[in-house]
Amino acid sequence: MATVLKFPDGFLWGSATSAYQIEGGNHNDWSEWEQSPRRLESLKKRGEDPNLFMSGRACDSWNRWEKDVALLKELHQKVYRFSIEWSRVEPEEGKFDSDAIQRYISFVKSLCDAGIEPVVTLWHFTNPAWIQERGGWLNPSTPDALLRFIQVAVDNLKPYVKTWVTLNEATTVYAGLSYIRGVWPPQHKNIWQALRVARHMIRAHRLAYRAIHAAYEQDSPKQSHDVERDTNPLNARRASMSHNVRVGIVENLTYVVHGRRWYQRGLGAVYDYIRNHIGLSRMAPYFDFIGLNYYHVERRFGGTPQIFSPGRIVPDPYWELHAEGMYQSLKSLTRYKKPILITENGLPDAEDAHRGMFIRDHLHAVWRALQDGVDVRGYMHWSLLDNFEWASGYAPRFGLVAVDRTTLERTIRPSARMYAIICKDNQVTL
Ligand code: BGC
């Protein structure tokens, strides 16, 4: 007999994207890097077609946004996470593009009209070219520059938005891939630089947290405080409860699997802290919720994951996918005592052979965490569309909705129809 897992009333079901991965026609540090001789040379050496590794038109969502809203509606999404592209809003330092701002306002309004709550990310891996020219996140003034952009974005969108994400995976992904492993622009390999970048990003998050609350406070002014110097956690908690706005941070957690020997357990615990929690613990308590992006297991120190769904490990060329990691990651976040929104979870699956099962297994893990009392408020699948997958280009297909690379036409995949029923009924049938 089928088992039905009921979710709490008001659970936020949805999906997620980011600007550079879907909008098309952006000019920023990534687009410059894609066309740089260094990048082109390395693709040539691998025998790859460079066009498949340039974001170009992406999904053309900058123009086809009405279609995207219609898709979200058709798929019974209650919430949609997307990002605002800094380089579009502020293409030159201090010069804000009112047409771009207007386009984002129209988009957000139309989501609200469709009954879909916007969750807006303010930075998702890309920087304006002018920021990169002066050192990107190595430059201590970048947090202040980001803050100016955030103030403009928030002032314009605050009538429609109550859930903001400051930075996407700043400490768990960006600092490492761009400054330690050197696979993303600016392709540095220097741990000291990575630490500097992470420090600046943590500062940017705190500044943004404070500024967004302040922007909503304008209607009901109260005594302000300097969040950077304020080490009293109670003040952050008070700020988070006093307005109709939630400001969160999104980080990417992996499930670190290790063997049972004492040194494997020790190394596993240390690695888990460094990989998953060091940034979050430095940003706490300056977030009203935590956005969890969960994708995969990391098996570094021996051991096998506890098999949660025997035989259901999805083959994937890059990652070991396992739903148990969702449960473990959610449990590990309870130490911060904040509500959790799952802001990304998904897999590349062009054939749509595993996505339906993957979603059900991962939601079963979410449900188990809820039964244990973990305060999970929503789940956003990555991604709404087959989008531009950063250094991997267009090969991985993460979309609930397939996008034809030539016509850019959207086609709803069968797993998306299944997920739509979950969203509508607020329950999962196993
Ligand atoms: C990122 C997305 C990316 C996804 C799949 C996440 O870490 O936030 O931008 O597409 O992983 O790789």
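## Isoleucine 180 and the surface patch

Isoleucine 180 has a relative accessible area of 39% and is therefore partly exposed, in a model that is predicted. The residue sits in the loop that runs between α9 (170–179) and α10 (191–217).

Together with Ile191, Trp192 and Leu195, Ile180 makes up a nonpolar patch on the surface. The accessible area of these residues together is about 460 Å².

## Largest pocket

The largest pocket holds about 1600 Å³ of space. Its lining consists of 50 residues, and those nearest the centre are Thr172, Val173, Gly176, Leu177 and Arg275. Two or more lining residues come from each of α9, α10, β6 (246–258), α12 (262–283) and β7 (289–301). Of the elements, α10 contributes the most to this lining, with nine residues.

By class, the lining of the largest pocket comprises 25 nonpolar, 12 polar and 13 charged residues.

## Cavities

The model contains three cavities of 30 Å³ or more. The largest cavity encloses about 110 Å³ of space. It is lined by 15 residues, with Ile22, Glu23, Phe82, Arg103 and Phe107 lying nearest its centre. Elements giving two or more residues to this lining are α1 (19–22), α4 (65–74), β3 (79–83) and α6 (98–113).

The lining of the largest cavity divides into eight nonpolar, four polar and three charged residues.

Definitions and conventions:
Residues numbered from 1 in each chain as written. Predicted model: local features only at pLDDT ≥ 70, side-chain atom pairs only at ≥ 80, totals over all residues. Heavy atoms only, no water. Patch = residues over 30% accessible without salt bridge, like charges linked within 9 Å, V, L, I, M, F, W, Y side chains within 5 Å. Areas by Shrake-Rupley, 256 points an atom, 1.4 Å probe, with all protein chains shown as cover. Salt bridge = Lys/Arg side-chain N within 4 Å of Asp/Glu carboxyl O. Helix = DSSP H or I, 4+ residues; strand = E, 2+ residues; numbered from the N terminus. Buried < 20%, exposed > 50% of the residue type's maximum accessible area, 1.4 Å probe, protein only. 1 Å grid on protein atoms, 1.4 Å probe; cavity = no way out; pocket = protein on both sides within 12 Å on 5 of 7 lines; lining within 4 Å. Points joined across faces, edges and corners; volume = space filled by probe spheres on them. Nonpolar A, V, L, I, M, F, W, Y, C, P; charged D, E, K, R; others polar.
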